[in-house]
Amino acid sequence: IKWLEHGVAVENPKSLIIRGIFYFNEGRSIHRQVLHPENRDVERNEDYYRRIDEEVREKFFKGIDCFKKAAELGDAEAYYNLYEKIEHFGGFMGTKESEMKYLKISADKGYPYSQVEMAIKNLSKENFTKGFYWLKKAIDSPKRNWKKHSNFRSFERKEVINWYKKYKNI
C-alpha cells in the first residue's frame, strides 16, 4: 500500500486510478453490507443509515476525484473510469453529457474499452459508419485486451453480422 500512496502523492495516473477503484470498492462494500434493504437492522435508526449513506457517497466522490486528477494528467483509462462510474451510478456522479464527453475523450486517446463502447453505442443506434469506425479502431489497437470487455463478450456473433449486413446495404 505504501507504493500506492506514494504514487498518489506524486500524482502518478495509474496509482490515482487504482486508488479511485479502491474508494469505489469500499463504498460498494459498505453499501452491500449495511444499506441494502435485505441487510438493514431494525434496531438501527434512520440517522445511522443516513451517516452510512454519506460515508458511501464520500468514498464515491473521493474515487471520482482520483479519476479526475488522472484524467487531467491525460490518462485515457481515467476518462473511461469517469464515464463508467457516471453511467453505472447515475445522476449524482455527473450528467449524461459529461458521461459521453469522457467516453469520447478516452476513445480518441486510444483506450480500446472506450472504443468498443463507442462502437456499441453507435451500432445499436444503427449509426453504422461511426460504429464500425470505432470497432476497427479497437481491433487495430496494440492493446488487444478489448476482447475482454464485458459488453463486447455479451454480443452474439449473429448480432454483429446483422449490423454488418445492414451497413453494407446502406
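These notebook entries record what I looked up in a predicted model.

**Entry 1. Overall make-up**

I began with the secondary structure of the protein, which comes to nine helices and zero strands. Read from the N terminus on, the elements run α-α-α-α-α-α-α-α-α. I then looked up burial, and found that buried residues make up 39% of the 170 residues in the protein. For contacts between residues at least 6 apart in sequence, I noted that 56% join residues at least 24 apart.

**Entry 2. The nonpolar core**

I turned next to the nonpolar residues. In soluble globular proteins, nonpolar side chains tend to be buried together. Here the largest nonpolar core has 35 residues, and those with the most contacts inside it are Ile52, Tyr80, Leu82 and Tyr102. I asked which helices each supply at least two residues of this core. They are helix H1 (2-9), H2, helix H3 (46-72), H4, helix H5 (96-108), H6 and H7. H3 gives the most to this core, with nine residues.

**Entry 3. H6 against H7**

I then took up the packing of helix pairs. Two packed helices are described by the angle between their axes and the distance between the axes. For helix H6 (residues 112-124) and helix H7 (residues 128-140), I recorded an angle of about 160° and axes 7 Å apart. Angles over 145 degrees count as roughly antiparallel, and H6 is therefore roughly antiparallel to H7. H6 passes H7 in a left-handed crossing.

I listed the residues on both sides of this contact. H6 brings Pro112, Gln115, Val116, Met118, Ala119, Asn122 and Leu123. They meet Phe128, Lys130, Gly131, Phe132, Trp134, Leu135, Lys137 and Ala138 in H7. By class, I noted ten nonpolar, three polar and two charged residues in the contact of H6 with H7.

**Entry 4. H5 against H6**

For H5 and H6, I recorded packing at an angle of about 125°, with the axes 8 Å apart. That angle makes H5 oblique to H6. The crossing of H5 and H6 is left-handed. On the H5 side, I found Glu99, Met100, Leu103, Lys104, Ser106 and Ala107 making the contact. On the H6 side, the contact is made by Ser114, Gln115, Glu117, Met118 and Lys121. The contact of H5 with H6 has four nonpolar, three polar and four charged residues.

**Entry 5. H4 against H6**

I looked up a further partner of H6. The axes of H4 and H6 come within 10 Å and cross at roughly 45°. This crossing angle makes H4 oblique to H6. H4 passes H6 in a left-handed crossing. I found that Tyr80, Tyr83 and Glu87 in H4 meet Tyr113, Ser114, Glu117 and Lys121 in H6. The residues of this contact divide into three nonpolar, one polar and three charged.

I cross-checked the lists for H6. Ser114, Glu117 and Lys121 are among the H6 residues that meet H4, and Ser114, Glu117 and Lys121 are also among those in contact with H5. Gln115 and Met118 are listed in the contact with H5 and in the contact with H7. Tyr80, listed in the contact of H4 with H6, is also one of the residues with the most contacts inside the largest nonpolar core.

**Entry 6. Gly20**

I next examined single residues, starting with Gly20, which lies in helix H2. Is Gly20 buried or exposed? At 0% relative accessibility, Gly20 counts as buried, because the cut-off for buried is under 20%. The C-alpha atoms of Gly20 and Asp65 are separated by 7.6 Å, although the two residues are 45 residues apart along the chain. Not counting residues up to four places away in sequence, Gly20 touches Gly63, Cys66 and Phe67.

**Entry 7. Ser15 and Asn81**

I located Ser15 in helix H2 (residues 13-35). Its relative accessibility is 8%, so Ser15 counts as buried. Which residues does Ser15 touch, not counting those up to four places away in sequence? I found Leu4, Gly7 and Val8.

Asn81 is found in helix H4 (residues 76-89). With 5% relative accessibility, Asn81 counts as buried. Leaving aside its neighbours within four places in sequence, I found Asn81 in contact with Ile17, Ile21 and Phe67. I noted that Phe67 is also listed among the contacts of Gly20.

Key. Residues are numbered from 1 along each chain as its sequence is written. This is a predicted model: local features need pLDDT of at least 70, side-chain atom pairs count only at pLDDT 80 or more; totals for chains, interfaces and linings use all residues. Side-chain values use heavy atoms; hydrogens and water are left out. Axes are lines fitted to C-alpha atoms, for helices over the stretch in contact, and angles run from 0 to 180 degrees between N-to-C directions. Helices (H or I, at least four residues) and strands (E, at least two) are DSSP runs, numbered from the N terminus. Angles under 35 degrees count as roughly parallel, over 145 as roughly antiparallel, 65 to 115 as roughly perpendicular and the rest as oblique. A crossing is left-handed if the near helix is turned anticlockwise from the far one by less than a right angle, and right-handed if clockwise. Contact means heavy atoms within 4.5 Å. Ala, Val, Leu, Ile, Met, Phe, Trp, Tyr, Cys and Pro count as nonpolar, Asp, Glu, Lys and Arg as charged, and the others, Gly among them, as polar. Buried means under 20% relative accessible area, exposed over 50%, partly exposed in between (1.4 Å probe, protein chains only). A nonpolar core is a set of buried Ala, Val, Leu, Ile, Met, Phe, Trp, Tyr and Cys residues joined through side-chain atoms within 4.5 Å.
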